[in-house]
Amino acid sequence: MRCYLKAFLLCMVFTFFSLLYVFNQLASTLEDRDDWNLEEQGIPDRRSHGYGHLLRKRPGLTGLQDRVEELDRERSGSAVKEHRDERSHLAVVACGPRLEETLTMLKSAVLLSKKPLHFYIFAEDDLHDRFRNALDSWPRTVQTKFNFTIYPITFPKENVKEWKKLFKPCASQRLFLPLILKEVDSLLYVDTDIIFLQPVEDIWALLSQFKSSHLAAMAPEHEEPRIGWYNRFARHPYYGKTGINSGVMLMNMTRLREKSFKNDMTIVALKWEEILMPLLQKYKLNITWGDQDLLNIIFHYNPESLYVFPCQWNYRPDHCIYGSNCQQADQEGVFILHGNRGVYHDDKQPAFRAVYEAIQKYTFGEDMETSLLQPLEASLQATRNTYCGRASHLFTKKLKQSIMSVQQDAAQRR
């Protein structure tokens, strides 16, 4: 009897300390959330050009709303006249040597979109002027199609080091976009290695297909379980059968901020700003792909909140290096090309590199059919000896339609 009593007491002690740890993590997270909510601290003129000095004077996330107001730099004199709700809002996070790759992604978005765009560019401080100068150098006729805002890389001040070293230096910034861009209702986040092969507004339109429970949309990590990573190697919960890939992520951020998420840390549902740090603390020794793994864990426990779009919206080398395994792309073509694993910059997947270089080298104002599409088709012919090269006709199928549509629209406006 005494043995049972001792075992019971030990279980009670273990349970007490486990609960103490969880609530300690939640308390720490709530303190961080207070930092995110510090607003109304003497907001300067939002069009001031002296914001850099102000930012350096404000450590961590103190006065974050000040930053948002100071950095909401819409190009003055822009000819974008459409109502705010007609724009597609596109966010990207760029660090290190990703300037040119990011500009090429933005270029593909501008070339093919008919509706106005707003770019939210999160970048290291030394890249800000380079982004601004590059975008301001684009022809005026192109600049009228978009606005842009440049932000610093910003993490909760209590856990900056932990978030920065997660996977890649800036990768986890995307997790905090709903908390930084508080006035933005919906947002399309993309990695820097994305190339749009059809207008941004086409994926933006998927927001209208969300059910009331949906607050984000992503594509599966794999379509074929035999080559899936999560179902074979993951040491943590993940969404569905093969997990999800966060390189293209469409968000209703209003819903995301309001949602209370079920989790495996406490019986209490947690808000977005409350769940991130405790989740990282619990799984940081078991995750490989950083923030993408955290998103998989969150939607594993909240599957009703995710809208899953087909692989043609996030087409990666995995969809063709082992033979074609994206059925929707086989039928309709590739909509968005995702050159992960650095394939735009090496010789491992020349078909992917050919698309990237065609967009990069294209000169604004030239005929897209003769100066972009035809050279690209010729380059892709030389890649037919590779698996992805054999599927490269899928890369140009939608691109060809998009170019024809843009040119017809331009002709009608003349």
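The paragraphs below follow the disulfides of this predicted model along the chain.

A disulfide is a covalent bond between the sulfur atoms of two cysteines. With a pair of cysteine sulfur atoms within 2.5 Å taken as the criterion, the count for this model comes to three disulfides. When the bonded cysteines are counted along the chain, the connections follow the pattern 1-2, 3-5, 4-6, and the pairs can be taken up one after another with that pattern in mind.

The pair 1-2 of this pattern is Cys95 with Cys170, whose sulfur atoms lie 1.5 Å apart in the model. The torsion about their S-S bond is about -80°, and the disulfide is therefore left-handed. Cys95 sits in the loop between β1 (88-94) and α4 (99-112), while Cys170 belongs to the loop between α7 (160-164) and α8 (177-180), so the bond ties together parts of the chain that are 75 residues apart in sequence. Because buried means under 20% relative accessible area, Cys95 counts as buried at 13% relative accessibility, and Cys170, at 7%, counts as buried as well.

The pair 3-5 is formed by Cys311 and Cys326, with a distance of 2.0 Å between the sulfur atoms. Here the torsion about the S-S bond is 100°, and the link is right-handed. Both cysteines are found in the loop between β8 (306-308) and α14 (327-332), where they stand 15 residues apart. Cys311 is buried, with a relative accessible area of 1%, and Cys326 likewise counts as buried, its relative accessibility being 0%.

The pair 4-6 joins Cys320 to Cys388, and their sulfur atoms are 2.0 Å apart. A torsion of about 90° about the S-S bond makes this disulfide right-handed. Cys320 lies in the loop between β8 and α14, whereas Cys388 is part of helix α17 (residues 387-390), and the bond thus links distant parts of the chain, 68 residues apart. Both Cys320 and Cys388 are buried.

Read together, these descriptions show how the pattern 1-2, 3-5, 4-6 is laid out in the model. The loop between β8 and α14 holds both Cys311 and Cys326, and Cys320, which is bonded to Cys388, is placed in that loop too.

Technical notes: Residues are numbered from 1 along each chain as its sequence is written. This is a predicted model: local features need pLDDT of at least 70, side-chain atom pairs count only at pLDDT 80 or more; totals for chains, interfaces and linings use all residues. Side-chain values use heavy atoms; hydrogens and water are left out. Helices (H or I, at least four residues) and strands (E, at least two) are DSSP runs, numbered from the N terminus. Buried means under 20% relative accessible area, exposed over 50%, partly exposed in between (1.4 Å probe, protein chains only).
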